[in-house]
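Got your viewer open? Let's take a short walk through this model, one selection at a time.

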Amino acid sequence: MIEKRSFFPAKAILFGEYTIIRGGAALAIPLPTFGGRWQPNGLRQQFSLPDFSRSEAAISAGLDVKKFQEEVKNGLFFQSNIPTGYGLGSSGAVVAAVYDRYAFEPETDLVLLKNKLGALEGFFHGKSSGIDPLVSYVQKNLLINGDIIEQKPIFLLENPASETSFFLLDTQKRRSAKPLIQWFLDKSADDYFLKNIDGQLFMYNGAAIENLLEGDAEGLFEQMHLISDFQFRHFSPMIPDFLRTAWLDGLASDFFKLKLCGAGGGGFMLGFSKNWAATVEKLADFPLIKLNFAP
């Protein structure tokens, strides 16, 4: 049984942000740098909580909607510093918090829980995989591969002083995921595009996940290069024009590589650095947030 939480973190999908749509594996982690918590007596309601409390999604999820509606009416709100439109799961954290607070009988099976949370998040997005709220709710690194969901420790990169690190690059531009995901779905009707996704990108993502979980930093850097190059060539709409030079600088250097973080198009991009000082100098035009992992 998952204990009640007081804080609900953001999430990042390190690998598999589009291949998971095709049935591939994805590795997602909680990001406690960003998150939210319940607060009483809010002056305004975020995330359409009054409407959410009355929605069919909330009723179907087996929530105590009467209590939910009453507390929201009395000023309860979800205070969050997760930026919206940045790919970190702002609505997922809200859904996790609502489920944690109001579920009569919380689900413990991770696959069933993911599906239930996905149906709840459908209120915000129309359709959701459930990964974002699942990671925020469970607050563990999760490897998702079809109907198999496993908690995975990540022992690589635990040292905050390490030169080898993942990082977030802030494009300082919000984006909407829906048109980007629709572009991918439409593009998947092209046999050549789909062959590359199901072949090369599946292989690169799978190898990157394996390297990360095994603590192989050199192998991971090589796979990051392959993913970065693939996304630059095949996912052009997901890479803002003002970022393309920096992206190519990463491909040409032995310091860092860039890839999508979530849908892309703006928000945060994910980077991997082997030389943090040089990476900061090379990407001086963008705010960077260094990531560290807990087991």
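Start by selecting Leu 27: its relative accessibility is 0%, so this residue counts as buried. Keep in mind as you look around that the model is predicted. Leu 27 belongs to strand β2, residues 26-39.

Now show what surrounds Leu 27. Leaving aside residues up to four places away in sequence, its contacts include Ala 12, Ile 13, Leu 14 and Phe 15, as well as Leu 142, Leu 143 and Ile 154. Ile 209, Leu 212 and Leu 213 touch Leu 27 too. Try a distance from Leu 27 to Ile 209: the C-alpha atoms sit 6.9 Å apart, although 182 residues separate the two in sequence.

Next, pick helices α5 (residues 110-125) and α6 (residues 131-138), whose axes come within 8 Å and cross at roughly 120 degrees. That angle is why α5 counts as oblique to α6. The crossing of α5 and α6 is right-handed. Turn on side chains and you'll find Leu 113 and Leu 117 among the α5 residues in the contact, with Ile 131 and Tyr 137 among those from α6. The residues of this contact split into eight nonpolar, three charged and no polar.

Last stop: the open four-stranded sheet, ordered β7-β8-β6-β9 with antiparallel pairing. At its edges are β7 (256-260) and β9 (288-290), each pairing on one side only. Zoom in on β7 and β8 (residues 268-273), which pair over five bridges; Leu 260 stands opposite Met 269 in β8. Finally, add helix α9 (residues 217-234), which lies across β6, β7 and β8 and runs at about 55 degrees to β7.

Conventions. Residues are numbered from 1 along each chain as its sequence is written. This is a predicted model: local features need pLDDT of at least 70, side-chain atom pairs count only at pLDDT 80 or more; totals for chains, interfaces and linings use all residues. Side-chain values use heavy atoms; hydrogens and water are left out. Axes are lines fitted to C-alpha atoms, for helices over the stretch in contact, and angles run from 0 to 180 degrees between N-to-C directions. Helices (H or I, at least four residues) and strands (E, at least two) are DSSP runs, numbered from the N terminus. Angles under 35 degrees count as roughly parallel, over 145 as roughly antiparallel, 65 to 115 as roughly perpendicular and the rest as oblique. A crossing is left-handed if the near helix is turned anticlockwise from the far one by less than a right angle, and right-handed if clockwise. Contact means heavy atoms within 4.5 Å. Ala, Val, Leu, Ile, Met, Phe, Trp, Tyr, Cys and Pro count as nonpolar, Asp, Glu, Lys and Arg as charged, and the others, Gly among them, as polar. Buried means under 20% relative accessible area, exposed over 50%, partly exposed in between (1.4 Å probe, protein chains only). Two strands pair if DSSP finds at least two bridges between them.
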